[in-house]
Amino acid sequence: MKMANLPDSAGINDKGHLEIGGCDLVELTKEFGTPLYVLDERTIRSRCRDYVKCFRAEYPDTEVIFASKALSTVGVSEIVASEGLGFDVSSGGELYTVIKAKADPQKIYFHGNNKSLKELKEGLEVGVGRFVVDNEYELANLEKVTNESGMRADILIRVNPGIEAHTHEFVQTGRVDSKFGAPLDQLDELVGRVKKTKLIGLKGFHAHIGSQIFDSAPFVAVTKLLLDLTKKYDTEEINIGGGLGIPYLAGETAPVIADFAGQITGVLKGKTEAKLILEPGRSIVGTAGITLYTVGVVRDIPGVRKYLIVDGGMSDNPRFILYGAKYEALLAGKPEAEKTETVTVAGRFCESGDIVIKDGKLPPAQVGDIIAVLATGAYNYSMASNYNRVPRPAMVIASRSRAELVVKRETYEDLIANDSQ
Ligand code: LLP
């Protein structure tokens, strides 16, 4: 099956079922239950390789680091690390996860706009390659922990580039009115402060303009801006953040990594020797993931709406309730059946906004059918919650006709593990 929002290895097997990495998705639900996150290893590896290959072909001194906030588990991090990528971590928890996955600490960039003293110390102790400093308060804290420990820290300063990207307001980050990054007119002062520290070295600048962006113009603009800063302050590294969009719906034409690479490297080639760093998250894991649910209730309100109510929802995928995100689904047991009905796939949680797909197209479905929601690899598991004390789903990685459990399904015991008796 070829649809841009499906994993690369998606196909239809002899039984007419949807398969990923040679694994029959209906069979997987019998073995692992639902809801179930399924990841295609081939897609993850292929996106990592595309990024590294396309950028290095044009601009050899490029480091690709995976934004682990998109999907942070030890198993996924191991795959990404084995492709030679580094990591963007934005908390002590993400740092801990990639260290467990044996990531090279030198290739870890520690982000966050309010890292605690404890997290800064943890970063120093494991020897992260770079701290990305967001503001003067963080610089002061980093100075404190470096002075106390006697350990050095190399940093990038995150700037607010004042560039608007056309994406959902909640995932725009580079506008002037933003909680992220140092305003450009305060950089002289911040750089001056770094120079006065004993143990902190300024390596360069970082900016992240937002997420799920289809237009390359704001990326080109931010690269130019960072190039100017590199010259002005005589630094060595340009980190343009992440943000490349993916196709959530079959009809969407998302940017191609090779074209993106051409546009970004075109700004830098012949103009600088600085190292280029980019931080894709969604575009590495997004279309690698599918979520499988079982239909438990069919509620047809004549003339109003038909609901298929599934056994998951906003706790495993909060993107509709947060951003009104759109998804597309197939029936795992008959992926090619004609989509003749308009239905709303709703969740099991005590909230009316708990919807996975509003007014989507599906073939007629019955109780017990398995619904496969596409392109759920990024910002689903990583933003999952235990609302209604529902255990979070399991996650498997499918490859070469084997499904490996990378995250166990939570148990009721897990849910109360931290409750005091
Ligand atoms: N670098 C930085 C500093 C970031 O803040 C982010 C994402 C990335 C890289 C990776 O961006 P990506 O390539 O994944 O677009 N929860 C939202 C997305 C939030 C993105 C936050 N930062 C969503 O579900 O759409």
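How many residues surround the ligand, and which are the closest? In this structure, which is a predicted model, 19 residues surround the ligand, and the closest are Ser-211, Glu-279, Arg-282, Arg-319 and Tyr-379. If we sort that shell by class, we find six nonpolar, seven polar and six charged residues.

Let me turn to individual contacts, beginning with Tyr-379, where an N or O atom of the side chain is 2.7 Å from an oxygen atom of the ligand. Tyr-323 also brings in its side chain, with a polar atom that lies 2.8 Å from a nitrogen atom of the ligand, whereas Gly-281 uses a backbone N or O atom, which lies 2.9 Å from a ligand oxygen. On its own the ligand has 580 Å² of accessible area, and the protein covers 91% of that.

Where does the ligand lie with respect to the domains? Domain 1, made of 11-40 + 286-416, and domain 2, which is 41-284, both give residues to the shell, so the ligand lies between them.

I would also like to show you helix α1, which runs over residues 25-32 and in which Leu-25, Val-26, Leu-28, Thr-29 and Phe-32 are buried. These buried residues cover an arc of only 155° around the axis, which puts them on the same side of α1, while on the other side Lys-30 and Glu-31 are exposed. As background, an α-helix has 3.6 residues a turn, so residues three or four places apart point the same way.

Finally, the ends of the helix: Asp-24 caps the N-terminal end of α1, with a side-chain oxygen 2.8 Å from the backbone nitrogen of Val-26, and α1 is followed by Gly-33, which has a positive phi, near 80°.

Note on methods:
Residues numbered from 1 in each chain as written. Predicted model: local features only at pLDDT ≥ 70, side-chain atom pairs only at ≥ 80, totals over all residues. Heavy atoms only, no water. Buried < 20%, exposed > 50% of the residue type's maximum accessible area, 1.4 Å probe, protein only. Helix = DSSP H or I, 4+ residues; strand = E, 2+ residues; numbered from the N terminus. Arc of directions from axis to C-beta. Polar contact = N/O pair within 3.5 Å; in protein donor to acceptor, adjacent residues only side chain to side chain. Near = heavy atom within 4 Å. Areas by Shrake-Rupley, 256 points an atom, 1.4 Å probe, with all protein chains shown as cover. Nonpolar A, V, L, I, M, F, W, Y, C, P; charged D, E, K, R; others polar. Domains from an automatic or database assignment.
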